[in-house]
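This report describes one helix packing and the salt bridges of a single structure. The sequence and the model are shown first.

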Amino acid sequence: MSPDRFEHQLSLVAPLISKKSTKLRPPISAAERLTLTLRYLATGDSQQSQSFNFQIGRSTVSNIIRETRDAIWTQLRETYVSTPKSPQEWKRISEEFPCVEFSTLHWNWGWKARGYRLPREYWVQLL
C-alpha cells in the first residue's frame, strides 16, 4: 500500500478509531491501530503474533482489530461494496459464482461452517 493511500484511509477511519489520552497512559495512535489491522488482514498471522510484533497485549490487539475493521467497513462499504439495484445486476453477479453440484454435498452429518453444523433439512430447503 502506498503512503498516500494509507494516509487517505487513515483520514477516513481516524475519527472512529482515535482514543482520548488519560492520566495513566497515552493512547495507541490511530495510525498504529490501522497499521496493526491492515497487517493482520494482509498477512494472515495470528493475533498473538501481532501482539508480539507490536508489543501490545493480546486482548488489546483483538479489540483494536475489531474496532478498526468495523470502522473500515463503515467508511468504505458505500464506496466499494454496492448493493445491486436491479434484478439484472443480481443475475449478472450470480453467474460469476459456480453452481454447487448436488452430489458434492455431504449429507451424512451435515455441513460444518465456522463451527456450526447445518442439518440436512437446511440443504433440502436450498435445493
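The sections below take up the packing of two helices, then the salt bridges. The model is predicted.

## Packing of α1 and α2

Two packed helices are described by the angle between their axes and the distance between the axes. Helix α1 covers residues 3–17 and helix α2 covers residues 30–43. Their axes lie 9 Å apart, and the packing angle is about 110°. Angles of 65 to 115 degrees count as roughly perpendicular, so α1 is roughly perpendicular to α2. The crossing of the two helices is right-handed.

On the α1 side, the contact is made by Phe6, Gln9, Leu10, Val13, Ala14 and Ile17. On the α2 side, Ala30, Ala31, Arg33, Leu34, Thr35 and Leu38 take part. Sorted by class, the contact has nine nonpolar residues, two polar residues and one charged residue. Arg33 counts as charged, and this α2 residue returns in the salt bridges below.

## Salt bridges of Glu67

Three salt bridges are found in a search of the whole structure. Glu67 pairs with Lys19 at 3.4 Å, N to O. The partners come from distant parts of the chain, 48 residues apart: Glu67 is in helix α4 (residues 58–80), and Lys19 is in the loop between α1 and α2. Glu67 has a relative accessible area of 26% and is partly exposed. Lys19 is also partly exposed, at 39% relative accessibility.

Glu67 also forms a salt bridge with Arg33, at 3.3 Å, N to O. This pair again links distant parts of the chain, joining helix α4 to helix α2 across a separation of 34 residues. Arg33 has a relative accessible area of 7%. The cut-off for buried is under 20%, so Arg33 is buried. Lys19, Arg33 and Glu67 are thus named together as a network of salt bridges.

## The Asp70–Arg69 pair

Which residue meets Arg69 in a salt bridge? The partner is Asp70, and the side chains meet at 3.0 Å, N to O. Asp70 counts as partly exposed because its relative accessibility is 35%, between the limits of 20% and 50%. Arg69 is partly exposed as well, with a relative accessibility of 43%.

## Summary

Helices α1 and α2 pack at about 110° with a right-handed crossing. Arg33 belongs to the α1–α2 contact and is linked with Lys19 and Glu67 in the salt-bridge network.

How values were computed. Residues are numbered from 1 along each chain as its sequence is written. This is a predicted model: local features need pLDDT of at least 70, side-chain atom pairs count only at pLDDT 80 or more; totals for chains, interfaces and linings use all residues. Side-chain values use heavy atoms; hydrogens and water are left out. Axes are lines fitted to C-alpha atoms, for helices over the stretch in contact, and angles run from 0 to 180 degrees between N-to-C directions. Helices (H or I, at least four residues) and strands (E, at least two) are DSSP runs, numbered from the N terminus. Angles under 35 degrees count as roughly parallel, over 145 as roughly antiparallel, 65 to 115 as roughly perpendicular and the rest as oblique. A crossing is left-handed if the near helix is turned anticlockwise from the far one by less than a right angle, and right-handed if clockwise. Contact means heavy atoms within 4.5 Å. A salt bridge is a side-chain nitrogen of Lys or Arg within 4 Å of a carboxyl oxygen of Asp or Glu. Buried means under 20% relative accessible area, exposed over 50%, partly exposed in between (1.4 Å probe, protein chains only).
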